[in-house]
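Work through the following exercises with the sequence and the model side by side. Each task is followed by a solution in steps.

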Amino acid sequence: MAAMQAGEHRLTSDRVISAKDLSLTFQTNDGPVHALKDVNLDVEKGDFVSFIGPSGCGKTTFLRCMADLEHPTGGSITVNGASAQEARRARAYGYVFQAAGLYPWRSIGGNIRLPLEIMGYSKSEQDRRVREVLELVDLAGFEKKFPWQLSGGMQQRASIARALAFDADILLMDEPFGALDEIVRDHLNEQLLSLWERTHKTICFVTHSIPEAVYLSTRIVVMSPRPGRITDVIESPLPRERPLEIRDTPEFIEIAHRVRDGLRAGHGDEV
Amino acid sequence: MRNLVPVLTVVCALFAIWYAAAVWLNAPWAYNKAERAGTELAFTELVADTWSQEKPKLPAPHQVGAEIWNTTGAMVASGRGFSKRSLIFHSWVTFSATALGFLLGTGLGIALAIGIVYNRTMDMSVMPWVIASQTIPILAIAPMIIVVLNAVGISGLLPKAMISMYLSFFPVVVGMVKGLRSPGPMQLDQMRTWNATPAQTFWKLRLPSSMPYLFTSLKIGMAASLVGAIVGELPTGAVAGLGARLLAGSYYGQTVQIWSALIMAATLAAVLVGLIGVIQRIVLKRMGMA
């Protein structure tokens, strides 16, 4: 219900992603699995939306629906005003997976160049963009290095640079820092925020870390499983400028508390 | 260098066993000869005899070594390096059939693998035939290939290469199917998010990912190719090649000649497979996959 309200009072602004009664049911040998059921959500331009919930709540599935990697069995989803498939064909978004997935046979520069080659950018344009995004993720000078010469955090930054290289307005991130340790994760969260500040992208970010979600987001979407659905949408009152210390403020702790309550409520009496 | 001592130890042990076996296997003939001459054989005489017979059951290493030298190095020294009696000539004949068959087999194997990976009908139908083709004894089918190709006017190098191809395409198909399918769902999804065409996915992801599998297959394919070329030389009536030397040797009981051809074939195989190994190491190292 909160999702509906959140969507309605924003009718006037630019809507980048809009899901209406979105459902996705997988047919398995153990009967149908409702990965998503009647999900309604609107994402506005420039939003940083986090999706949080226990495994099986459909947060990744929802993100994959936006990316046209899964096909909903009910309802509708539009991305940039078009269908998800059209948006994918128009290369409307960059997608960052949990693993960096860099090709070992390509240098860092070569990896970032890969989507540009596929999309047919000219050689000089490729060079320019590679240099630009490497600077953006603080990896300038690493263009000629190979993935194995970089730490896990640096590899993930390179994969973010790759997703940024073709300058899509939307960045979809599926637990991009899930496999990294706490210290590296803090650092990357800080960098991601400043990157978002500078590029004005719309970011959808899947995570299962409450502090990460609260620290990064303008809106936090709390989801729960069986069937996968949205239980709460929290508008963050935190300012856009967020030093790491903001995590010790009462506002921050209050939002984190509300997220935790939402997660617990969604889980019902199973925990 | 660290491996030198163990390797030399094994080589020495093999030679010791070989020499001992030569004494044991050739002794009956030596005793037989001595009995007919009415003499007794001392142990040293026995050993000397068993290691120097003209048509021994098992020639001693130095006999084989001498034969190889006489048919390679010595002939080169006397300027007849490529005469029909030279092992270099026969090795070259076998090598050219092996190399051509290997190239054809690798090409066929990669083509079939691409078909199997990209075409559902081929995926379901081709593999059983590929496996069935390898259950037929090559000795049975080799003469057929020679005869049939001869009937349509193809003779010489190509029929032997076809037999090599028949043996060498199999490991390439199996390895490349696995290799082309090695990219995970995430890597394929990633290509999808960039709206890559199937051709781009093939050239930029599937083919590079399959390289480690390809090289492993190529090594097996190369060895199989050589076997195919040698087998292909048998039914053609022992004209030329290492297979012809083997056949001629067995006709006339020239065991020394058989063994020297065998050692030559083994050396050729080792060199060819080793060559692929070197290329593999360089390529995979440059690709960051070694």
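**Exercise 1. Strand pairing in chain A**

Over how many bridges do strand E1 (residues 15-28) of chain A and E2(A) pair, and in which sense?

Solution. Before starting, note that this is a predicted model, in which local features need pLDDT of at least 70, side-chain atom pairs count only at pLDDT 80 or more, and totals for chains, interfaces and linings use all residues. Residues are numbered from 1 along each chain as its sequence is written, while chains are lettered from A and ligands numbered from 1 in the order in which they are written.

Step 1. Locate the elements: helices (H or I, at least four residues) and strands (E, at least two) are DSSP runs, numbered from the N terminus. Two strands pair if DSSP finds at least two bridges between them.

Step 2. E1(A) and E2(A) pair over ten bridges in the antiparallel sense. One of the positions to inspect is A:Gln27, whose bridge partner in E2(A) is A:Pro32.

Step 3. Place the pair in its sheet. Four strands of chain A form an open sheet with antiparallel pairing, in the order E2-E1-E4-E5. Strand E2 (31-44) and strand E5 (82-83) of chain A are the edge strands, each pairing on one side only.

**Exercise 2. Strand E7 and its neighbours**

Determine how strand E7 (residues 170-174) of chain A is covered, and trace the contacts of A:Leu172.

Solution.

Step 1. Apply the burial rule: a residue is buried if 20 or more other C-beta atoms lie within 10 Å of its own, exposed if 12 or fewer, and partly exposed in between, with C-beta atoms placed from the backbone. By this rule five of the five residues of E7(A) are buried.

Step 2. Sort them by face. In a regular strand the side chains alternate between the two faces of the sheet. A:Ile170, A:Leu172 and A:Asp174 lie on one side of E7(A), A:Leu171 and A:Met173 on the other, and both faces are covered.

Step 3. Find the strand partners. Strand E6 (residues 93-96) of chain A runs parallel to E7(A) and is joined to it by four bridges; here A:Tyr95 stands opposite A:Leu172. Strand E8 (residues 202-207) of chain A is also parallel to E7(A), with five bridges between them, and in E8(A) the bridge partner of A:Leu172 is A:Cys204.

Step 4. List contacts (C-beta atoms, placed from the backbone, within 7 Å). Not counting residues up to four places away in sequence, A:Leu172 touches A:Leu63, A:Met66, A:Ala67, A:Tyr93, A:Tyr95 and A:Cys204.

Step 5. Check the helix that holds two of these residues. In helix H2 (residues 59-66) of chain A, eight of its eight residues are buried, including A:Leu63 and A:Met66. Just after H2(A), A:Asp68 takes a positive phi of about 65°.

**Exercise 3. Core and domains**

Which residues have the most contacts inside the largest nonpolar core?

Solution.

Step 1. A nonpolar core is a set of buried Ala, Val, Leu, Ile, Met, Phe, Trp, Tyr and Cys residues joined through C-beta atoms within 7 Å.

Step 2. The largest one has 76 residues, and A:Met66, A:Ala161, A:Leu172 and A:Cys204 have the most contacts inside it. Helix H6 (residues 152-164) of chain A supplies the largest share, six residues.

Step 3. Relate the core to the domains, whose bounds come from an automatic or database domain assignment. Domain 1 (2-92 + 172-270) and domain 2 (103-167) of chain A each give at least three residues to this core.

Step 4. The C-alpha centres of these two domains lie 26 Å apart. Nine residues of domain 1 of chain A are in contact with nine residues of domain 2 of chain A.

**Exercise 4. Chain B and its contact with chain A**

Describe the make-up of chain B and the side of it that touches chain A.

Solution.

Step 1. Chain B has 13 helices and zero strands. Of its 290 residues, 32% are buried.

Step 2. Count the interface: 15 residues of chain B are in contact with 17 residues of chain A. On chain B, helix H9 (185-193) and helix H10 (198-209) each supply at least two residues of this side. H9(B) gives the most, with six residues.

Step 3. Classify the residues of this side of chain B: six are nonpolar (Ala, Val, Leu, Ile, Met, Phe, Trp, Tyr, Cys and Pro), three are charged (Asp, Glu, Lys and Arg), and six are polar (the others, Gly among them).

Definitions and conventions. Contact = placed C-beta atoms within 7 Å.
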